[in-house]
Amino acid sequence: MTYLNIIKKSCNDIIIKNNDKERYLNEKSVQMRLAFDLWKEKNTEPELEKCFNYKSHYKTYTDIFIQSNIKIGIEIKFKTRKVEDFNFINQGAITNGKLNSLVDIKRLLDLKKKREIDIGYFVFLTNDYLYWNNPRIGKSNSHEYSLVNKKKINVKFNKPNWSSKTFSEELDLTSIKTEKIIWNGEDKGVNNNSFRYFIVEV
């Protein structure tokens, strides 16, 4: 089984279990599950919170790093929305959540260009429909950072211009492998617990 297929299988299991009962409540638990499944299938121990430049003032990390015949970096985002009868919390800050996701993808791309990794995977899981719904168009350009299904992602994003932004530079993702965001998961309606995920290969 390929690394990508292992990640997909893990994500499918996570969202099925979370749609039934909260099993994975935070990003760390998802990170541990993915690392365990990769280790079990490939018999190669992953490194968590891998730092690539300890001596630098601005350190670069990946959530999971695997080195076998190839070097793989994995970044994970796990965002939740409070749902009745479940213990998930409202994380909110959707606009910056989308922006930070694209920043994570850019970080993997930069690591690949520096040959610190050969392949990068960005994994996003959420039960918050505001991530996959079409955004409202307002005065800022936050709508350009949407993560809607089939959104073309291997493009250059303009500098974010909203006041509470967490990043202020343009993002050039034109050289990543994935062309469009494809959400996976069952649609149970926006008011029910309905986890979905997508994966971007860098």
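This briefing describes a helix pair, the cysteines and one loop residue in the structure above. The model is a predicted one. Its helices α1, spanning residues 3-20, and α2, spanning residues 27-42, have axes that come within 10 Å of each other, while Asn 90 is found further along the chain, in the loop between β3 (71-79) and α3 (94-113).

**The pair α1 and α2**

- The axes of α1 and α2 cross at roughly 135°, and the two helices are therefore oblique to each other.
- The crossing that α1 and α2 make is right-handed.
- On the α1 side, the residues that meet α2 are Tyr 3, Ile 6, Ile 7, Ser 10, Cys 11, Asp 13, Ile 14 and Lys 17, and their partners in α2 are Val 30, Arg 33, Leu 34, Asp 37, Leu 38, Glu 41 and Lys 42.
- Sorted by character, the residues of this contact between α1 and α2 comprise eight nonpolar, one polar and six charged.

**Cysteines**

- The structure holds zero disulfides.
- Cys 11, which belongs to the α1 side of the helix contact, has a relative accessible area of 0% and is buried.
- Cys 51 also counts as buried, because its relative accessibility is 2%, and buried means under 20%.

**Asn 90 in its loop**

- Asn 90 has a relative accessibility of 52% and so counts as exposed, the cut-off for that class being over 50%.
- Leaving aside residues up to four places away in sequence, Asn 90 touches Thr 80, Arg 81 and Lys 82.
- Asn 90 and Thr 80 are 10 residues apart in sequence, and their C-alpha atoms are 6.0 Å apart in space.

Conventions: Residues are numbered from 1 along each chain as its sequence is written. This is a predicted model: local features need pLDDT of at least 70, side-chain atom pairs count only at pLDDT 80 or more; totals for chains, interfaces and linings use all residues. Side-chain values use heavy atoms; hydrogens and water are left out. Axes are lines fitted to C-alpha atoms, for helices over the stretch in contact, and angles run from 0 to 180 degrees between N-to-C directions. Helices (H or I, at least four residues) and strands (E, at least two) are DSSP runs, numbered from the N terminus. Angles under 35 degrees count as roughly parallel, over 145 as roughly antiparallel, 65 to 115 as roughly perpendicular and the rest as oblique. A crossing is left-handed if the near helix is turned anticlockwise from the far one by less than a right angle, and right-handed if clockwise. Contact means heavy atoms within 4.5 Å. Ala, Val, Leu, Ile, Met, Phe, Trp, Tyr, Cys and Pro count as nonpolar, Asp, Glu, Lys and Arg as charged, and the others, Gly among them, as polar. A disulfide is a pair of cysteine sulfur atoms within 2.5 Å. Buried means under 20% relative accessible area, exposed over 50%, partly exposed in between (1.4 Å probe, protein chains only).
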